[in-house]
Amino acid sequence: MLQLSRPLAEEIARHHGVVTVARLAADGITNNSIRSLITAGSLVRVHKGVVRLATAPDSLESRCTAACLADPSAVISGPSGAYLWNFRHVFRASLPDVLVEHDRTPLSRGVRLRRTNILPPTHIVQRNDGIRLASPPRTWFDCGRDVDDERFERLTEWVIDHHSTVPTLWAMAQAMSTRGRPGAARVNRVLSQRSTWQRPAGSGIELDVINALRRRGVDPLVQQYALRLPNGMVIHPDGADPVAQWAVEVDHVTWHGGRFDAQRDKGRDRNARRIGWQVDRVTDLELKENFAVAIEELYELWLLRSGNRRIA
């Protein structure tokens with residue numbers, strides 16, 4: 001029977017039932033005892049020098065922990081990283097997707113190995129369960145090799161909603177997109193379908209709208225105001241008047257995946273109405289065709305919402 005000290009038992013519990021042989025030895029368990037426990041089935045050998053308690057589930061989390069304990073330079077990314085970040089629109093992986101640098105000796109089994117020559121510390125998040133996980137932007141980029149364009153487009157929208165800004169994703173794509181890198185073409189193809197304003201070099205049509213409404217007299221008008229919806233989601237409208245509970249959003253129909261945006265935005269708007277907010281939307285095409293008219297319409301809607309019926 002395996003006798004563990006309380007600190008080691010707690011550590012193994014945090015690590016999904018996985019532990020190194022060296023850590024067991026440091027706790028006073030002899031190599032002969034470890035071999036006997038493996039033979040008896042109390043311990044399961046996962047990698048060289050890494051075992052799992054037989055009573056612990058053989059889960060993706062335990063496999064990822066084992067890979068990271070077996071190779072201190074290994075980083076989990078791709079679909080298995082997406083699962084650990086709770087990304088949507090990516091298939092659930094059964095094996096850890098392990099990033100290792102080109103000069104490292106890889107794990108020999110039980111993982112999907114992915115070599116890389118770009119793995120700076122800023123791309124790595126150390127979890128308290130022993131898993132070294134690629135950051136959300138890096139995980140997003142690495143998923144580009146595993147899913148088709150439509151699914152990757154959905155994934156991109158989800159990551160922007162929950163983890164990263166558009167400029168951050170562009171910066172990751174630019175840093176990672178070397179010739180021949182798997183998935184780079186898809187990443188750039190999907191990101192490039194966003195309109196020019198959404199790229200880091202763009203000035204942002206939202207800012208033009210906010211400034212025009214402020215000049216017209218909308219006050220206060222807060223950019224990226226944090227609004228928590230009844231379903232727990234926090235949204236950040238392009239502009240908001242918290243006093244009148246009114247918000248304006250600029251929709252970009254030039255992204256061909258606007259059908260996904262429209263479905264998502266309708267749900268957000270319904271939830272905003274549930275807490276008394278009114279969200280008015282204008283499209284980039286409307287603004288391009290007649291910016292002044294669109295701004296005047298938004299101004300009048302704000303006046304009506306704020307209780308001032310006198311349209312100037």
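## Helix α9 and its packing

In this predicted model, helix α9 spans residues 184-192, helices being DSSP runs of H or I with at least four residues, numbered from the N terminus. Its buried residues (under 20% relative accessible area, 1.4 Å probe, protein chains only) are A184, R186, V187, V190 and L191. Seen down the axis of α9, they fall within an arc of 165°, so they line one face of the helix; the arc is taken over the directions from the helix axis to the C-beta atoms. These buried residues pack against α6 (136-142), α7 (149-162) and α8 (166-176), with contact meaning heavy atoms within 4.5 Å.

## Salt bridges

The model has 14 salt bridges, each a side-chain nitrogen of Lys or Arg within 4 Å of a carboxyl oxygen of Asp or Glu. One of them joins R189 and D149 at 2.7 Å, N to O. This pair links helix α9 to helix α7 across 40 residues. R189 is partly exposed (between the buried limit and the exposed one, over 50%), at 38%, and D149 is partly exposed at 25%.

R23 pairs with E11, the closest N and O atoms being 3.0 Å apart. R23 lies in helix α2 (residues 21-26) and E11 in helix α1 (residues 6-14), twelve residues apart. E11 is buried at 17% relative accessibility, whereas R23 is partly exposed at 27%.

## Basis of the values

Residues are numbered from 1 along each chain as its sequence is written. Local features need pLDDT of at least 70 and side-chain atom pairs count only at pLDDT 80 or more, while totals for chains, interfaces and linings use all residues; side-chain values use heavy atoms, leaving out hydrogens and water.

Note on methods:
Helix = DSSP H or I, 4+ residues; strand = E, 2+ residues; numbered from the N terminus.
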